[in-house]
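Visitor: I am new here and would like a tour. Could you show me the molecule and then take my questions?

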Amino acid sequence: MQSPTAATTTSPRSPSVFLTGVTGFVGGTILASLCKVHSQIRIKALVRRETDAKELQSVYSNLTPIIGDLSSLSLLTSQAAEVDLVVHAGGDNVPAVCAMIDGLASQNSTGSPLPRLISLTGPRSLIDLSLPITGNLREGSRPWSDVADAKAILAVPEDRMHAGADQAIIAHSVAKGVGTMLLSPGQLWGRGKGHIKKESGAGLYYATVKSRGRAFVLGEGTATWSWVSIGDLGDAVVFLIEQATMSGNTRSRHVGVNQDGYYFVRTGDLSMMERAKAITARLSLGDVESVSVQVAKEIHPFGPIMWGCGERTRADKLAELGWKPKEADWQALMEEEGGERA
Ligand SMILES: NC(=O)c1ccc[n+]([C@@H]2O[C@H](COP(=O)([O-])OP(=O)(O)OC[C@H]3O[C@@H](n4cnc5c(N)ncnc54)[C@H](OP(=O)(O)O)[C@@H]3O)[C@@H](O)[C@H]2O)c1
């Protein structure tokens, strides 16, 4: 906890945190990033398997593993009640996140909610699947800003991917007086920095193209997702933890929470055709092929969504707080450490 003198300095203090998902791609990177910058930080993390717990403890000496599952709601509540901040990277799981909010609420003071929970989500909630999938950038579409479009982002139909969970988590946070930040990265490029799972979905398109012998897009392949490197995502989480736990005097600006707490994390935009051309050049393949929605579905049930849709985001909230991504070369990230990503 913060010493009496630390409150008057300008450097961020080391809080105590409880993490979930640390054996995963995103959570593992968050754990590694946090330990790298704040070696003295006290970290507890939910881990399902004893073997993973031992493995992680051998690498991170300041980590206390808590053996359990996201369905152990009373365990989650009691762990959250003991820390300054919770970071959830264990997927959409409303009961689990609400249980942690309950724990954080038990040590709440009155007044406006302080930032206490960072929960990972994703921008697939922005895809309007009532419109046909074409593979092309929708005419008239524009990037979503997490400042200008903050209300609209949290008001999309709740049956969309992530949307119901996002809205339920914010509603519970408001009801309990806990400040929640929903962190929404787009596509994640690069090798994970965590100790256990280092690769994510970017390998699927690469492997599919390799086995078909040709890169493919839907339509003209102008559908575009925003992206950020996995390393920069870890850095953004550490930055937000620092911002959230600074004393009121030293916090640079207002850290938005709840209805003002949806944060995109973004470096650039990348169309499907750019990805297809990059792997074509890397593997010396023939021309990029345009496939139908039906063929994309036959390749993978989620093919049309993964390869035929896209939404561009603007991380205006993080920019206002002073955070900037560092890794801008997406092609280098795809090939980082010999990675088979595209
Ligand atoms: N990866 C991406 O490209 C991407 C992009 C945007 C947003 N996100 C968001 O980031 C979050 C994490 O994604 P990820 O890619 O890191 O997923 P992941 O690699 O599959 O990791 C999931 C983590 O959650 C843990 N977990 C899952 N169910 C659990 C349970 N019932 N009890 C305890 N732990 C449980 C897993 O533990 P085990 O190891 O024990 O299974 C693992 O540590 C998700 O909310 C996702 O939507 C990811």
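**Helices, ligand and overall form**

Guide: Let's begin with α1 and α8, which are oblique to each other. This is a predicted model, in which local features need pLDDT of at least 70 and side-chain atom pairs pLDDT 80 or more, while totals for chains, interfaces and linings use all residues. Residues are numbered from 1 along each chain as its sequence is written.

Visitor: At what angle do α1 and α8 pack?

Guide: Oblique covers angles outside the classes roughly parallel (under 35 degrees), roughly antiparallel (over 145) and roughly perpendicular (65 to 115). Axes are fitted to C-alpha atoms over the stretch in contact, with angles from 0 to 180 degrees between N-to-C directions. Helix α1 (residues 25-37) and helix α8 (residues 230-245) have axes 8 Å apart and pack at an angle of about 60°.

Visitor: Which residue class has nine members in the contact of α1 with α8?

Guide: Contact means C-beta atoms, placed from the backbone, within 7 Å. V26, I30 and L34 are among the α1 residues that meet α8, whose side includes L233 and V237. Three residues of this contact are polar (Gly and others outside the two lists that follow), one is charged (Asp, Glu, Lys, Arg), and nine are nonpolar (Ala, Val, Leu, Ile, Met, Phe, Trp, Tyr, Cys, Pro).

Visitor: How is α4 oriented relative to α6?

Guide: The axes of α4 and helix α6 (residues 163-176) come within 10 Å and cross at roughly 20°. That angle makes the two helices roughly parallel.

Visitor: Which handedness does the crossing of α3 and α4 have?

Guide: Helix α3 (residues 73-80) and helix α4 (residues 94-105) pack at about 35°, with axes 7 Å apart. A crossing is left-handed if the near helix is turned anticlockwise from the far one by less than a right angle, and right-handed if clockwise. For α3 and α4 the crossing is right-handed.

Visitor: Which helix gives the largest share of the shell around the ligand?

Guide: There are 23 residues around the ligand (C-beta, placed from the backbone, within 6 Å), and T23, G24, V26, L70 and G122 come nearest. With three residues, the largest share comes from α1.

Visitor: How many helices and strands does the chain have?

Guide: Both are DSSP runs numbered from the N terminus: helices are H or I, at least four residues, and strands are E, at least two. Along its principal axes, the C-alpha trace spans about 65 × 45 × 35 Å. The chain has 13 helices and 14 strands.

Definitions and conventions:
Two residues are in contact if their C-beta atoms, placed from the backbone, lie within 7 Å.
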